[in-house]
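User: Could you walk me through this one, chain by chain and contact by contact? I'd like to see the reasoning as we go.

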Amino acid sequence: MKKNDVILQTVTKIVFFIILTFGVELFLAGHNSPGGGFIGGLVLSSAFVLLYLVYDIETVHRGTPFDFKRVAALGVLLAVGTGMLSIVFGEPFLTQTTWLVDLPVFGETELGTMTIFEAGVALTVLGVVVTIILGISEDVE
Amino acid sequence: MITVLLAIFLPFIAACLVPFIHKFLTGRRIGWFVITIPLFLFILLLRLVPSLSNGASYLYTFPWIPSAGVHFSTHLDGLSMIFALLITGIGSLVVLYSIYYLSEREAIGRFYTYLLLFMGAMLGVVLSDNLIVLYVFWELTSISSFLLIAFWYHRKQSRYGAKKSMLITVTGGVFMLVGFLMLYTITGTFNLQELIAMREVIAADSLFIPAMLLVLLGAFTKSAQFPFHIWLPDAMEAPTPVSAYLHSATMVKAGIYLVARFTPIFAGDATWFYVVSCVGLLTMLWGSVNAVKQTDLKALLAFSTVSQLGMIMSLLGIGSLAFASSESAQIALFTAATFAALFHLINHSTFKGALFMVVGILDHQLGTRNIKRLGGLATIMPITFTIALIGSFSMAGLPPFNGFLSKELFFEAMLSLKDANLLTMDSMVLLFPIVAWIGSIFTFIYCMIIVFQTFFGKVPPPMSGQRPAHEAPIQMLISPIVLGSLVVLIFFFPNLLGTYILGPAMNAVYPKFEGMTGLVPEIHVWHGWGVPIFMTIGLIVAGILLYRFLRYWKGIYRLGFLQWTLDRFYNAFLIRTERIASVVTKAYMTGSVRDYVAYIMLVFIALVGVGLLGFQQFIFDFSNDAPIEINEGIIIFVMMCSSVAILYAKSRIAAIVLNGVLGYSIAILFVVFRAPDLALTQIVVETVTTVLFLLCFYYLPEWKPEHKSISMRVRNGLIAIASGIAVTVVALLVQGHSIYPSISVYYETASRIAGGLNVVNTILGDFRAFDTMLEVLVLFIAGLGVYSLVKLRRKKGADHSEEK
């Protein structure tokens, strides 16, 4: 069906990035304030869901040329991989560490393997949610 | 130590590399890459042989799950060495053979991946010292052999054979695991060497016999002992190099290995002796009798493998008697049986490997393995014929081949039973030599069938499209020639094998008698005029007579108990199980979500309700509860209204909106109670699920007001009310009861320990990261499941390849 949704499309073009930024912010905030991998991933995927709702699937595919199944797989790999990494250093499975690093722009920042683990969670959530929604909606056509 | 670790992990690493390398090394070249692995390992292991024969052994332990007593420990001793050498040695020859056997159109990369996986798993079985590690590798051999047998998965027969072998060996393996756990409860250790040291403790325990029988069950299923042998003939659906490898040289011998390995723990007990030797002898007889009636050469070899494995097994049973005797003369008599078993193990691998390769060559050159369509090939394929002759005559136990030596030792061991006056031996054991002799006659007959019916007589008229017979290319013949030469070489220099290879293995099986003279008997090619040699002469005479008049007495296979095959029981069992499962499944899988929710709720009510009524301790403690504020009351009122309103919604949109109201109200409640993380999650989840709901609209039929019967409404209403009450009661009880101290104190220090200020996330990511990781994994698997379900549903009707 053909619809005139110029307003929605124009808004989405801007809002999409706001949501993405918000998702990343939520994800990074996770360790000290509300947020984290799961919520971050969900917010990121809701951005993509919005995109898919407003534009047709073909257009979005051209803009985001990656397979969300692979994104999910990458997420699982990251989450398991950080766990395995601790074994290499002789620590029990899934041991996380943090370092305080003085970065040029951000100042004193906490860097930790935790973030990678959470990134894995976020990517898996993003990949799975978008895959399911795409799977169902593609089937409709 | 490094050799052992390399031996276990190198094949796995190579297996992971093959799919990538295969892109560059196409066709046969990938085989030349693969062959380096077993060859390299074989040479590495061979270098350790001298030090092992001097009494050394290599133990290496790496803590894996120390709290559960599971260590990744490996142990290389004489017994492991025999098997490791066979796996890598025969493995190299099989790979060499397969390079020319498999056509380039086959999925060669996949083939070698599976083969290397199998090799690594097999090496893991024989080299691990920890029972749990052994079990893991043990089941890995089942899985990788499943993949290998089903290599030509488009054939129904291959799938059937693969499934059968997997079902039987894995079932046995699980029982074996239970046996291992019993041993752990007795001794508190999983380490084999410690278990052997504690054999008195184990023997005194009441779990001794159950543990023994369970371990034996694992060994018998893997080694295709009667009545579990039925999977082995069907496993012959695999490509011939695989058959030569798995089912003559390696996999089926894992059971033999297990029995030999556990001999120092269990032997000395009458049950062990009777079970192992009787099952072994029965298998030997049954296998050899059944082999004679086969017309497919590969099936014939399969039954002969069953029979030969039974023979080795029975020898190990007799060998265990040494633990029960005290006189050194008797000990020497019985240890000789184990020596014969190990010796025959090596001999069997050489001649059976060669025979399988010969059959593969026949199949490859002529396109048939049916004896009735073969004949007169001796002059056309002289080299193949020579190898077949060597292999078969060795299997029949004729000089000058290695099978003769081990068969004489076999007879000697059987006869030694009459000298045994221990374990309250009854006269039944006097039957043993007779059964062994009859089994050997049938062995002789089917060996003659292989040689004479295939290579002599008339050449049958070629079938349409059959290629004219000619000798195989020399590259394909190298491996069987090597094995055939070994058959002859071992006959002339058996004692070399005895001192260097078998000696250390005997020490491993008999740690109690280590260093005793006579543990490694001198093998003589001519051992004097004794009963064994007369038995041999007798069996040759009887065998030749029976073979000459085969067509007159072959009719007996059509009558009596020889007709009923155990396969029928297996098939009937499978069909019956499937039918029952489908009836049960159809009874509750109605396809209606409403029913499933009802089932879940009913189970929940039953569990919680019965649990609560059982405790009878309804203590409601409201004293510590905070007062309910007016705004909280309003939110809850909204929630109640919306949930009741869903029931009366007139359209789907209204229902979903109301559901959304419910969800967002919960989120607001979380905010009120200062749980921002939960509130955030709730809001996002609510949003995404609403989108999902809307998408699903496309599938749903028109919204129609439902007219359900009163009884249905009452039933649903009762379930709903009951589950509501159950949840409420549980929630209220939780306040009043505190059996355990609160765990929240532990997390007060979370920010210090984990470095994060958000306690929810530190729990998710640090304290309970394992949960989170697995949840992510579950989410991923579920996502893929949903995706493939949706995709497959669309393809339905187009692809019916599975039903063919």
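Here is a short round of questions and answers on the structure above.

Analyst: Ground rules before we start: this is a predicted model, where local features need pLDDT of at least 70, side-chain atom pairs count only at pLDDT 80 or more, and totals for chains, interfaces and linings use all residues. Residues are numbered from 1 along each chain as its sequence is written, chains are lettered from A and ligands numbered from 1 in the order in which they are written, and side-chain values use heavy atoms, with hydrogens and water left out.

User: In what order do the elements of chain A run from the N terminus on?
Analyst: Helices (H or I, at least four residues) and strands (E, at least two) are DSSP runs, numbered from the N terminus. Chain A has five helices and two strands. Its C-alpha atoms fill a box of roughly 60 × 35 × 25 Å along the principal axes. Read from the N terminus, the order is α-α-α-α-β-β-α.

User: Is A:Ser137 buried or exposed?
Analyst: A:Ser137 sits in helix α5 (residues 113-140) of chain A. Buried means under 20% relative accessible area, exposed over 50%, and partly exposed in between (1.4 Å probe, protein chains only). At 15% relative accessibility, A:Ser137 therefore counts as buried.

User: Leaving aside neighbours within four places in sequence, which residues is A:Ser137 in contact with?
Analyst: Contact here means heavy atoms within 4.5 Å. The C-alpha atoms of A:Ser137 and A:Ile57 are separated by 9.0 Å, with the two positions 80 residues apart along the chain. With those sequence neighbours set aside, the contacts of A:Ser137 are A:Ile57 and B:Leu695.

User: Which helix gives the most to the largest nonpolar core?
Analyst: A nonpolar core is a set of buried Ala, Val, Leu, Ile, Met, Phe, Trp, Tyr and Cys residues joined through side-chain atoms within 4.5 Å. The largest has 223 residues, and B:Ile82, B:Tyr112 and B:Phe262 have the most contacts inside it. The top contribution is 20 residues, from helix α15 (residues 328-366) of chain B.

User: How many residues are in the other core, the one with B:Leu695?
Analyst: This core lies apart from the largest one. Its members include A:Val43, A:Val76 and A:Ala79 as well as B:Leu695. The count is 44 residues.

User: Are α17(B) and α18(B) roughly parallel or antiparallel?
Analyst: Axes are lines fitted to C-alpha atoms, for helices over the stretch in contact, and angles run from 0 to 180 degrees between N-to-C directions. The axes of helix α17 (residues 402-416) and helix α18 (residues 431-455), both of chain B, come within 8 Å and cross at roughly 155°. Angles under 35 degrees count as roughly parallel, over 145 as roughly antiparallel, 65 to 115 as roughly perpendicular and the rest as oblique. So α17(B) and α18(B) are roughly antiparallel.

User: Which residues of α18(B) make the contact with α17(B)?
Analyst: On the α17(B) side, the contact is made by B:Phe410, B:Phe411, B:Met414 and B:Leu415. From α18(B) come B:Phe432, B:Pro433, B:Ala436, B:Trp437 and B:Ser440.

User: Which backbone oxygen does the side chain of B:Gln294 reach?
Analyst: B:Gln294 is in the loop between α13 (270-292) and α14 (297-319) of chain B. It counts as buried, at 17% relative accessibility. At 3.1 Å, its side chain reaches the backbone oxygen of B:Asn290.

Methods
Polar contact = N/O pair within 3.5 Å; in protein donor to acceptor, adjacent residues only side chain to side chain.
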